[in-house]
Amino acid sequence: MAGQTEQVINGVLEDIEHGRLGPGDVLEEPALIDRHGVSRTPVREAFIQLETLGLIRRLPRKGAVVFKPTLEEFLAILEVHARLEGLAAGLAARRMNATQAAELEAVVAACEAHARDKGDGDPFGYYRLNLKFHETVALGSGNPYLVEMIKTHARKLLAYYRARYSYPGSIPASAREHRQIATLIFERRREEAETAMARHVQFDQVTVMDLLAALG
């Protein structure tokens with residue numbers, strides 16, 4: 001049963017990360033039962049665990065929906081998430097090993113190539129590169145608990161980061177910031193790396209309002 005529950009959870013998380021499930025989308029029990037070949041019990045247990053993580057909300061007589069933040073919730077989550085991402089970058093500047101540094105250099109170079117060759121084109125492709133950049137920095141922190149906290153908070157905002165790259169100029173700007181952050185990490189400049197990453201993750205309030213409106 002535990003394995004079946006984990007299977008359902010991982011399927012929902014994958015759908016959120018790939019944009020197949022967006023904020024406010026309904027999670028259909030029958031569809032999940034058919035997709036994973038399980039009974040109703042592991043699906044409901046998965047819903048309980050996902051709700052505990054704050055990734056879905058169960059509604060009376062309406063089933064479950066993917067978490068959709070209000071403006072106040074969005075800003076509150078973002079405030080915490082930016083601090084966590086900044087902390088990871090600061091720790092990476094102290095702890096990242098040579099193999100991880102090579103991986104970070106590769107993903108930053110891929111971000112720069114995307115911005116150079118495609119500009120504002122293929123925002124979803126750049127979104128995937130951006131996820132890899134942040135994952136690589138987080139792993140470089142050497143703190144698995146911090147990595148899990150970052151993942152949980154990021155999943156609540158992924159749809160908005162994905163939509164952000166549809167705005168003109170956002171991809172080249174992001175790639176430049178990735179290079180700046182990576183350079184600070186490579187040079188072991190912890191405090192500056194932490195500040196730069198926290199600033200990179202933040203949205204200004206006008207952009208937040210635009211994204212909330214765009215995603216309904």
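Trainee: How far apart do the C-alpha centres of domain 1 and domain 2 lie?

Mentor: Happy to start there, and keep in mind that this is a predicted model. The protein is divided into domain 1, residues 4-66, and domain 2, residues 71-215. Between the C-alpha centres of these two domains the distance is 26 Å.

Trainee: And how many residues does the contact take from domain 1 and from domain 2?

Mentor: Domain 1 covers 4-66 and domain 2 covers 71-215. Counting the residues on each side of their contact gives eleven from domain 1 and twelve from domain 2.

Trainee: Which residues does UniProt list for "domain: HTH gntR-type"?

Mentor: That annotation comes from an unreviewed UniProt entry. In the model, the stretch concerned is 54% helix and 15% strand. Its end C-alpha atoms are 29 Å apart. The record gives the range as residues 2-69.

Trainee: How are α1 and α2 oriented to each other?

Mentor: Two packed helices are described by the angle between their axes and the distance between the axes. Here, the axes of α1 (residues 2-17) and α2 come within 11 Å and cross at roughly 110°. An angle from 65 to 115 degrees counts as roughly perpendicular. The two helices, α1 and α2, are therefore roughly perpendicular.

Trainee: Which residues in α2 meet α1?

Mentor: On the α1 side, the contact uses Gln7, Val8, Gly11, Val12 and Asp15. The residues of the contact of α1 with α2 divide into three nonpolar, three polar and two charged. The partners in α2 are Leu32, Arg35 and His36.

Trainee: Is histidine 36 buried or exposed?

Mentor: Histidine 36 sits in helix α2, which spans residues 29-36. Beyond its neighbours within four places in sequence, histidine 36 is in contact with Gln7, Val8 and Gly11. The relative accessibility of histidine 36 is 12%, and the cut-off for buried is under 20%. Histidine 36 therefore counts as buried.

Trainee: What does alanine 46 touch, not counting residues up to four places away in sequence?

Mentor: Alanine 46 belongs to helix α3, residues 40-52. Because its relative accessibility is 0%, alanine 46 counts as buried. Alanine 46 and alanine 2 are 44 residues apart in sequence, with their C-alpha atoms 9.4 Å apart in space. With residues up to four places away left out, alanine 46 touches Thr5, Val8 and Ile9.

Trainee: How far apart in space are glycine 19 and alanine 88, C-alpha to C-alpha?

Mentor: Glycine 19 is placed in the loop between α1 and β1 (26-27). With a relative accessible area of 34%, glycine 19 is partly exposed. Glycine 19 and alanine 88 are 69 residues apart in sequence, and the C-alpha to C-alpha distance is 25 Å.

Trainee: What is phi of aspartate 122 near?

Mentor: Look in the loop between α5 (98-118) and α6 (123-140), where aspartate 122 is found. Aspartate 122 counts as partly exposed, at 37% relative accessibility. Its phi is positive, in a residue other than glycine, with a value near 55°.

Trainee: Where is arginine 188, and what is its phi near?

Mentor: The loop between α8 (170-186) and α9 (190-201) holds arginine 188. Arginine 188 has a relative accessible area of 46%, so arginine 188 is partly exposed. This residue other than glycine also has a positive phi, near 60°.

Notes. Residues are numbered from 1 along each chain as its sequence is written. This is a predicted model: local features need pLDDT of at least 70, side-chain atom pairs count only at pLDDT 80 or more; totals for chains, interfaces and linings use all residues. Side-chain values use heavy atoms; hydrogens and water are left out. Helices (H or I, at least four residues) and strands (E, at least two) are DSSP runs, numbered from the N terminus. Buried means under 20% relative accessible area, exposed over 50%, partly exposed in between (1.4 Å probe, protein chains only). Contact means heavy atoms within 4.5 Å. UniProt positions are given in the numbering used here, feature names are shortened, and annotations may be inferred rather than shown by experiment. Axes are lines fitted to C-alpha atoms, for helices over the stretch in contact, and angles run from 0 to 180 degrees between N-to-C directions. Angles under 35 degrees count as roughly parallel, over 145 as roughly antiparallel, 65 to 115 as roughly perpendicular and the rest as oblique. Ala, Val, Leu, Ile, Met, Phe, Trp, Tyr, Cys and Pro count as nonpolar, Asp, Glu, Lys and Arg as charged, and the others, Gly among them, as polar. Domain bounds come from an automatic or database domain assignment.
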